[in-house]
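This report describes one protein chain, going from single residues to the chain as a whole.

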Amino acid sequence: MKKSIQLMLLSAILFSSFELMAQVGNPWLIGGNNLTGNRSIGSNNNFNLSFKTNNIQRGVITNSGSWGIGTNAPSSFRLKVSHGSFGLDIENNSTSDDWELYISATGALYLYSNGNFRGSFNSATGVYTAVSDERLKTNIQPMSPALEKISQLKPSAYQFKNTTDKQLYNGFLAQDVMKVFPNLVTHNVNPERNEDVYTLDYSGLGVIAIKGIQELNQTVKQQEQTISTLQDRIAKLEAALDAVSNNLNRDLKGVLLQQNQPNPFSQATIIRYAIPQGANAEIKIYDAAGRVVKSMKATEGGQAQINAYDLAAGTYTYTLIVNGNVAASKKMVLLK
């Protein structure tokens, strides 16, 4: 009986002591608190602060200030988050829109928006790849011509304001690009942050550049075909003129007119010929309309030089006239 009374007295004394300690120490109550000033949760000595559920440690704040969530070893990181099936989620409290960062088994960083996969960063190279799966796209159609619009872009060199970085950068001004490719520019306005900024989708410019190259390649092919056709026509005309010249000048012994070299030409070309000694000869150059645009005396030296700056670009006929008779004619082309 005495022992029971002693135990009851001891329990009452301990309970009173704990209650007194709780009142004096201003405890932090798990069920809720009415604060009369600043309060803190933590330790006053050199020990880590652990967080547990089901008596298992789920996170830690180390004595050096590093945070670990889902990990008990944040090491030298200021914040280290370890995850299982889901990653780190950042949500807009007003709209519930969210972005999730997830590290795959291969080490790649995956990005999700509102639960939808948007792209990933390669763990080895850091290269970002965006979603481009045909199965996720609709209303697929060829791009409209871009080459003419590309010529309207204005690449610039610039520095950024309000920064100590004085490096000169190359790029575009979003307001200029918006006049040509408005779908590449986004106008970002956030009144809460007093923010009003234009941003540019530089990756979209790469697609437009490829479209322009394809158009330019097609133009080059068409020009090559046109040049080939013209060269073939010139060769046939030269052969016909040679035949006519041979017929007209079979009685003019010692007379020869060669094809100018180079042909076509862009700066200067040489016409070589041969005439009998003592002959009175000249070379006349005619434009495509048959007008004489240049005449020069043909000496026994056997060659004459034509300079590009004397003529406009085009196709010409040059004729060797000996003693008043047309000896031979040939075609030449001037490119500028």
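## Backbone, rings and surface

Asn139 has a relative accessible area of 63% and is therefore exposed (buried is under 20% relative accessible area, exposed over 50%, partly exposed in between, with a 1.4 Å probe and protein chains only). The structure is a predicted model, in which local features need pLDDT of at least 70, side-chain atom pairs count only at pLDDT 80 or more, and totals for chains, interfaces and linings use all residues. Residues are numbered from 1 along each chain as its sequence is written, and side-chain values use heavy atoms, with hydrogens and water left out.

Asn139 lies in the loop between β9 (128-130) and α2 (147-150); helices (H or I, at least four residues) and strands (E, at least two) are DSSP runs numbered from the N terminus. Its phi is near 55 degrees, which is positive in a residue other than glycine. Asn162, also not a glycine, has a positive phi of about 55 degrees. The loop between β10 (156-158) and β11 (169-171) holds Asn162, and this residue counts as exposed because its relative accessibility is 83%.

Cis peptide bonds are found in the loop between β14 (256-257) and β15 (268-274), where Pro262 is placed; Pro264 is in the loop between β14 and β15 as well.

| Cis peptide bond | Omega |
|---|---|
| Gln261 to Pro262 | about -5 degrees |
| Asn263 to Pro264 | near 0 degrees |

Next come the aromatic rings. A pair of rings is described by the distance of the centres and the angle of the planes. Rings of Phe, Tyr and Trp (its six-membered ring) pair if their centres lie within 6.5 Å; planes under 30 degrees apart count as stacked, over 60 as edge-to-face and the rest as tilted. This rule gives seven aromatic pairs. Tyr102 and Tyr110 form a tilted pair, because their ring centres are 6.4 Å apart and their planes stand at 55 degrees. Phe160 and Tyr169 make an edge-to-face pair, with 5.6 Å from centre to centre and 65 degrees between the planes. Tyr110 is partly exposed, at 24% relative accessibility, and Tyr169 is partly exposed at 27%. One aromatic cluster is formed by Tyr102, Tyr110, Tyr112 and Phe117.

On the surface, Trp67, Ile69, Leu79, Val81, Leu88, Ile90, Trp99 and Leu101 make a nonpolar patch of about 740 Å². Patches are made of residues with over 30% relative accessible area and no salt bridge, with like charges joined within 9 Å and nonpolar side chains (Val, Leu, Ile, Met, Phe, Trp, Tyr) within 5 Å. A salt bridge is a side-chain nitrogen of Lys or Arg within 4 Å of a carboxyl oxygen of Asp or Glu. Strands β3 (67-69), β4 (79-81), β5 (88-91) and β6 (98-103) each give two or more residues to the nonpolar patch. Leu101 belongs to strand β6 and is partly exposed, at 31% relative accessibility.

The chain as a whole has four helices and 20 strands. Of its 336 residues, 23% are buried. The exposed area is about 25000 Å², with 54% supplied by carbon and sulfur atoms; accessible areas come from the Shrake-Rupley method with a 1.4 Å probe, and for residues only the protein chains shown count as cover.

How confident is the prediction? The mean pLDDT (the predictor's confidence in each residue, from 0 to 100) is 86 for the protein chain, and 88% of the residues score at least 70. Among the elements, helix α1 (residues 2-25) has the lowest mean pLDDT, 41, and helix α3 (residues 174-180) the highest, 97.
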